[in-house]
Amino acid sequence: MERPKMAELESLETAAEHERILREIESTDTACIGPTLRSVYDGEEHGRFMEKLEARIRNHDREIEKMCNFHYQGFVDSITELLKVRGEAQKLKNQVTDTNRKLQNEGKELILAMEELRQCRLQQRNISATVDKLTLCLPVLEMYSKLREQMKSKRHYPALKTLEHLEHTFLPQVSHYRFCKVMVDNIPRLREEIKELSMSDLKDFLESIRKHSDKIGETAMKQAQQQRNLDNIVSQQPRISGGKKSKKEFSASSELEVKNTSPMSEQDSGILDVEDEDEEEEVPGAQDLVDFSPVYRCLHIYSVLGARETFESYYRKQRRKQARLVLQPPSNMHETLDGYRKYFNQIVGFFVVEDHILHTTQGLVNRAYIDELWEMALSKTIAALRTHSSYCSDPSLVLDLKNLIVLFADTLQGYGFPVNQLFDMLLEIQDQYSETLLKKWAGVFRTILDSDNYSPIPVSNEEVYRKIVGQFPFQDAELEKQPFPKKFPFSEFVPKVYSQIKEFIYACLKFSEDLHLSSTEVDDMIRKSTNLLLTRTLSNCLQNVIKRKNVGLTELVQIIINTTHLEKSCKFLEEFITNITNVLPETVHTTKLYGTTTFKDARHAAEEEIYTNLNQKIDQFLQLADYDWMAPEPGGRASDYLVDLIGFLRSTFAVFTHLPVSLPPSCSRAAPACWNDTSTCPSRNLSPGVSEFLG
């Protein structure tokens, strides 16, 4: 019984479960019915469930049928109404279609207007975007145009700045545009182009200053000359009231003679004397004559581009080449002073430019580089001057060259260059200058001695007398007392020679000016040169005159008298040198003048010549004599030959009376000459008694 009960309980539970599922199917949304049906199929009673489900469907169909039967008339009425609505709906559709057609027709213009508006709005948006983009691009294009314009006008440094600004500020803002990429790609090429253009300007600058170095140097030397003139004016002002009157005192006596016979006149003392109107003008400096901007621009450009060392190396290399060209003197430089002046102007111009570059740039050139160039220039210049100055035979040219070298040295010294070697070389040129002076004065002395009449100077009035006394230091109380006309004991060559000796001293003094020598050195130089003039030049000229074949006894006697007075004037020459050098003769190491010895030697040579000529003349008389040595008794009168001989001796001794009392050697040696030739008488023609008597 338990088993039927259990089966009955299970069937009841299954029926209840199926009922629950059916209710759930009826009440649940179709989308969620899947899990419910799955529970049916998962069980084992789905057949029974299907039966249950079909029974439930049949029940619902019956209910639907009942309901339809109940509402059939209403359904028919609804269908009838629906058919009526369909007709009305068709009318409404037609009206809507007509309305739509009319609306479409009416809206075409609006659509076109709206399309146009849309297009305008699109264009406006594009234009606005374009304006925004152009606002970004225009500065780039303007900067690029500015860059091109600057390069075209050769403003390379601003162009480089513009390029840097363009590259780092403007191009990054529009880097996505193709033209900007082209610009970026062109930037290295533009930099190289700027470098090349600036280097081209530098080459033009170097070529320009090479051509205009002489003008720059000339200007600098004019400035130095003006400064030296001002310094001289300032230094001489204290002397105007209390200065020594030595040179004026001693030169006044020779001014008339100097103007006519001096081989070295005062106008030869300077070579770049600036005239009054020139002194008032402002002489431009190197920076006024040369535009240095190409150097500065190129230096800045290469510095910005990181190639400063390359630029410095190139600049120094080119300037060294130019320095070697400048330092090569022309082959005919020694012929004129202008050749030397142009040579010096070019050197000065070169170093003035380098000095300006040194002080206006940061490291383009340095002091070591300048010093190296100067050492090379100094050695080459000195060598060239030694070579070319040796060809100079004109003392005026040598003196002008000395003044030019001093100005050259002073100019460069003003720029800080050491010039001691130039002044040392001038001392070498001084020896050459002395030699040229000696040669020139040898010609002057020869002219004076050849043109002299070897006769005492006649004086007809006081003016002429004072003029000669002013030229030559002669004092004679007896001659002063004598009435006019009267005669000086010496001939014209005495005051002329004395004046020329003083002129020679002046010429030597001119060379010593501006050499920064002490008074002792100047005095020693003048005295040594004057000694050479006296002992060599003047002595040789006097000896040549004395030894000439056609010189007579009268001329020889006058030479003795002249040399005597010149010998006495040596102390006045000593005083003259002392006054112009301010060095006392008693100073240690002071050179003494050898004039006394020179004139004594000349006088002794004249005495020897007189003695020799007398002997020769007497020998000629005796050799021409034709005596009757065997006459038995005297004829009562002297032989004509003896009469002529005695007349000759009488006239000769008359000439000797003009000799000073202090000079007996000539007379004492001439008398024995009269008797010295008794040996010329042929003793073989004398009788033994006569020979014994004469013996």
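## A tour of helices, salt bridges and a surface patch

Start by selecting arginine 101 and aspartate 98: both sit in helix H3, 3 residues apart, about one turn of the helix. Show their side chains and you will find a salt bridge, with the closest N and O atoms 2.9 Å apart. The model you have open is a predicted one. Colour by accessibility next: arginine 101 is partly exposed, with a relative accessible area of 42%, and aspartate 98 is also partly exposed, at 32%. As a general point, side chains of opposite charge can pair when their charged atoms come close.

**Stay on helix H3.** Select tyrosine 72, which belongs to this helix, residues 46-152. Is tyrosine 72 buried or exposed? Its relative accessible area is 52%, so tyrosine 72 counts as exposed, the cut-off for that label being over 50%. Now add Phe75, Ile79, Leu82, Leu83 and Val85 to the selection, and turn on the surface: together with Tyr72 they make a nonpolar patch of about 610 Å².

**Zoom out for a moment.** With the whole chain in view, a cartoon shows 27 helices and 2 strands. Of its 695 residues, 39% count as buried. The accessible surface of the chain comes to about 41300 Å², and 53% of that belongs to carbon and sulfur atoms. If you draw a contact map, look away from the diagonal: among contacts between residues at least 6 apart in sequence, 81% join residues at least 24 apart.

**Next, a pair of helices.** Select residues 337-360, helix H14, and residues 395-414, helix H16; their axes come within 10 Å and cross at roughly 5°. With a crossing angle like that, H14 is roughly parallel to H16, because angles under 35 degrees count as such. Which residues make the contact? On the H14 side, display Leu337, Tyr340, Arg341, Phe344, Ile347, Val348 and Phe351. On the H16 side, display Leu397, Asp400, Leu401, Leu404, Ile405, Phe408, Thr411 and Leu412.

**Move to helix H15.** Select aspartate 371 and arginine 367, both in this helix (residues 367-389) and 4 residues apart, about one turn of the helix. Their side chains meet in a salt bridge, 3.9 Å from N to O. Aspartate 371 is partly exposed, at 32% relative accessibility, and arginine 367 is partly exposed too, at 33%.

Now pick arginine 386 and glutamate 428. What joins arginine 386 to glutamate 428? The two form a salt bridge in which the closest N and O atoms are 2.9 Å apart. This pair links distant parts of the chain, since arginine 386 lies in helix H15 and glutamate 428 in helix H17 (residues 420-451), 42 residues apart. Arginine 386 is partly exposed, with a relative accessible area of 43%, and glutamate 428 is partly exposed at 40%.

**Follow helix H17.** Serine 434 is found here. At 5% relative accessibility, serine 434 counts as buried. Add leucine 532 to the selection and draw a C-alpha to C-alpha distance: the separation is 8.8 Å, although serine 434 and leucine 532 are 98 residues apart along the chain.

**A last stop.** Select Glu19, Arg23 and Arg56, which are linked in a network of salt bridges. If you would like to go on hunting for charged pairs, the salt bridge count comes to 24.

Terms used:
Residues numbered from 1 in each chain as written. Predicted model: local features only at pLDDT ≥ 70, side-chain atom pairs only at ≥ 80, totals over all residues. Heavy atoms only, no water. Patch = residues over 30% accessible without salt bridge, like charges linked within 9 Å, V, L, I, M, F, W, Y side chains within 5 Å. Areas by Shrake-Rupley, 256 points an atom, 1.4 Å probe, with all protein chains shown as cover. Salt bridge = Lys/Arg side-chain N within 4 Å of Asp/Glu carboxyl O. Buried < 20%, exposed > 50% of the residue type's maximum accessible area, 1.4 Å probe, protein only. Axes fitted to C-alpha atoms, helices over the stretch in contact; angles between N-to-C directions. Parallel < 35°, antiparallel > 145°, perpendicular 65-115°, else oblique. Contact = heavy atoms within 4.5 Å.
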